[in-house]
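Biologist: Before I plan around this model, could you take me through it by question and answer?

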Amino acid sequence: MSAPQQVTRRVLTGVERTTAEALEPSGAPERRRSTSLGTRLRRSWQLYVLLIPPVVYCVLFLYWPMYGLQLAFKDFNLTKGITGSPWAGFKYVEQFVSSYLFWPVLWNTIVLNLYALVALFPLPIILALLLNQVRSSKFRKTVQMITYAPYFISVVVLVGIVLMLFSPNTGIVNVPIRELTGQPIDFLGPDMFRHTYVWSGAWQTLGYSAIIYLAALAGVDPELHEAARVDGAGVLRRMWHIDLPSILPVTITLLILNMGQILTTGFEKVLLMQTPLNTSVSQVIDTYSFQVAFNSQIPQYSYATAIGLFKSVISLVLILLANWLARRVAKQSLF
Amino acid sequence: MKIRDTAGDRTFHVVNVAILSVFTILVLYPLIFVVSASFSSAEAIANQEVYLWPVGFNAEAYSTVLASPNLITGFVNSVFYTVVGAIIGTVLTVLAGYAISRDDLPFRKSLTFFFLIPTLVSAGIVPTYIVVRQMGLLDTRWAILLPGAMSVFNVIITRTFYKMNVPNEMLEAARVDGASDFNFFFRVALPLSKPIIAVNLLFYGLAQWNGWFSAFLYTNSPDLAPIQLVLRELLAQSQVNPAMIGGGDVSEIIKRRELFDKLKYAMIVIAMIPPLIAYPFVQKHFVKGALIGSLK
């Protein structure tokens, strides 16, 4: 039995336990209703003390920057600070939307992330289905062990490996390519950038993403498979009619949640893979905002904030939409 | 009862093992290649003679790395950020996760939502930078440790863990014995939390070891750079920078230029090895974290 299977079993018993608790009539709610809010607050003061450090952290590093989003509507001045800078209205948002870079940057963001989603979403499912059919547990464990490993590598190392191995001049990957076609391929050039980005991501995350599906497959009743075999169903038909339907709920949930995250992933990797030659396809909203703020002659903090805010708003809408869908379709939700 | 495999099933199993083997080799190959190249001679790399195993085995690149103060500083810094970042993150997360797991906490829903809102509305890089700047943290170690210190995702995992593993009955029983919330948290809940503390330490430690962007954005001083940032700067140079690897006379520099690619491979190995060595021992915790997270 592999690690994920054991864990699911443990996790699932935990779930049963909590549901059992929820179903059991407990005396607590009645008692709670009869005590006043003031008493309850006074009784729980120690819990609030425990909450002080994380709440202070959130206020300083998550909520204060959120308050700083108003810079998008202000002419930011370093000496006057966030609150003191004069209002500028929608100037910077309009500047971005009417900029000649607006459509290319938006297009690049959508294409890159959509490509990654479409290409990378089905693969962990296939990997899990195949692994689940392996009979030798030693072989299965070895495959899992090796394919999880790249998940633990940093994005700098990943991009470093890509730069070194795929380099047009010295990269090992280009040796057979040059032999066959006569010229090397520039894997970071405008033609190949998206493929390199997406498939290096596949290399890094496939094994890890398969874990959750393997856990769901571990819950399939073996008797279903036995019965289907007696009826003469081959492996492929059993995978199609038994395994796939059983992981469908988790698949739908993950798909919807991934769609909600579609604009928010991969900034650091894109930044690391960006070269002056491939900006026509690699400039996404985040990198453009970053460039405006930190890589231009005069740092335009307000304009950069407006660009970031544009993305934050679309992301928020997408996440809420995805969550609503998840609730409707899969009866699951994030909150 | 044993059912014999049909011919179709036998074919499937053979093909299946073949596909998985190819995939595994594809995942493994780049890692082996990088390690082999770092141990090969500079000429063998330049002539692209290295395919799988080291050609002209030597550990020159590593002795160069060890002789370079920048790289050593980077490594030591990363160890520091990893340990301290893991502790800060875990403390914040366990406190938050435990408190919002308690059904009897007044305003529990609002507080949970307070932690979740930042995952919905991301402030983005620029406002966070301005805030870090206004706090006077630029170019300090705090700028690397604090801005990403706590992950809301981990708080939710931790909350789920407590809901599952520290049942209400336990709390009721402790209350009957006169235990306060502090007593219960430190004497009962915390000793039961070893698995979730391990998950948190590993998540945060890995994130700090692998992190480079905070250091890149908030600090300038090379004394503060973690190893990933040192590696990133090394990779960004197409020409060898003598200052980076210790200076010397011209012939030395030319010799070192040949060494440059090799040095990059060695640096990649050094930056990726610690998590890969730790990983077989800790992977079950990551699997657990991923699965609890998927529950909710």
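Modeller: A helix here is a DSSP run of H or I with at least four residues, a strand is a run of E with at least two, and both are numbered from the N terminus. Please keep in mind that this is a predicted model.

Biologist: How many helices and how many strands does chain A have?

Modeller: Chain A has 335 residues, of which 36% are buried. Among its contacts with a separation of 6 or more, 68% join residues 24 or more positions apart. Its secondary structure comes to 18 helices and zero strands.

Biologist: For helix H8 (residues 122–133) of chain A, how far apart are the end C-alpha atoms, set against the expected span?

Modeller: The helix has 12 residues, and at 1.5 Å a residue it should span 16 Å. The end C-alpha atoms agree with that expectation, as they are 17 Å apart.

Biologist: Which element of chain B is included in what covers the buried residues of H8(A)?

Modeller: The buried residues of this helix include Pro124(A), Ile125(A), Ala128(A) and Gln133(A). Their cover includes three helices of chain A, namely H9 (137–148), H12 (193–218) and H14 (235–260), and, from chain B, helix H1 (7–38).

Biologist: Which residues does Ala128(A) touch, not counting those up to four places away in sequence?

Modeller: Ala128(A) is one of the buried residues of H8(A), and it is also among the residues with the most contacts inside the largest nonpolar core. With residues up to four places away left out, Ala128(A) touches Ala210(A), Tyr213(A), Leu214(A) and Leu217(A).

Biologist: Which helix gives the largest share of the side of chain B that touches chain A?

Modeller: The contact takes 82 residues from chain B and 84 residues from chain A. The chain B side divides into 56 nonpolar, 16 polar and 10 charged residues. Its largest share, 19 residues, comes from helix H14 (residues 250–295) of chain B.

Biologist: Which helix supplies the largest share of the largest nonpolar core?

Modeller: That core has 148 residues, and those with the most contacts inside it include Tyr213(A) and Ile307(A) from chain A and Met267(B) and Ala271(B) from chain B. It draws at least three residues from each of domain 1 (1–58) and domain 2 (60–295) of chain B. The largest share, 13 residues, comes from H14(B).

Biologist: Within chain B, which helix gives the largest share of the side of domain 1 that touches domain 2?

Modeller: The domain assignment of chain B gives domain 1 (1–58) and domain 2 (60–295), and their contact takes eight residues from domain 1 and 10 residues from domain 2. On the domain 1 side, H1 and helix H2 (42–46) each supply at least two residues. By class, that side has six nonpolar, two polar and no charged residues. Its largest share, four residues, comes from H1(B).

Biologist: What is the phi of Phe107(B)?

Modeller: Most residues other than glycine have a negative phi. Phe107(B) lies in the loop between helix H4 (69–99) and helix H5 (108–120) of chain B, and is partly exposed, with 15 other C-beta atoms within 10 Å. Although not a glycine, Phe107(B) has a positive phi of about 65°.

Biologist: Between which two helices of chain B does the loop with Asp139(B) lie?

Modeller: Asp139(B) also has a positive phi, of about 60°, without being a glycine. With 14 other C-beta atoms within 10 Å, Asp139(B) is partly exposed. Its loop lies between helix H6 (125–134) and helix H7 (141–145).

Note on methods: Residues are numbered from 1 along each chain as its sequence is written. Chains are lettered from A and ligands numbered from 1 in the order in which they are written. This is a predicted model: local features need pLDDT of at least 70, side-chain atom pairs count only at pLDDT 80 or more; totals for chains, interfaces and linings use all residues. Two residues are in contact if their C-beta atoms, placed from the backbone, lie within 7 Å. Ala, Val, Leu, Ile, Met, Phe, Trp, Tyr, Cys and Pro count as nonpolar, Asp, Glu, Lys and Arg as charged, and the others, Gly among them, as polar. A residue is buried if 20 or more other C-beta atoms lie within 10 Å of its own, exposed if 12 or fewer, and partly exposed in between; C-beta atoms are placed from the backbone. The expected span of a helix is 1.5 Å times one less than its number of residues. Domain bounds come from an automatic or database domain assignment. A nonpolar core is a set of buried Ala, Val, Leu, Ile, Met, Phe, Trp, Tyr and Cys residues joined through C-beta atoms within 7 Å.
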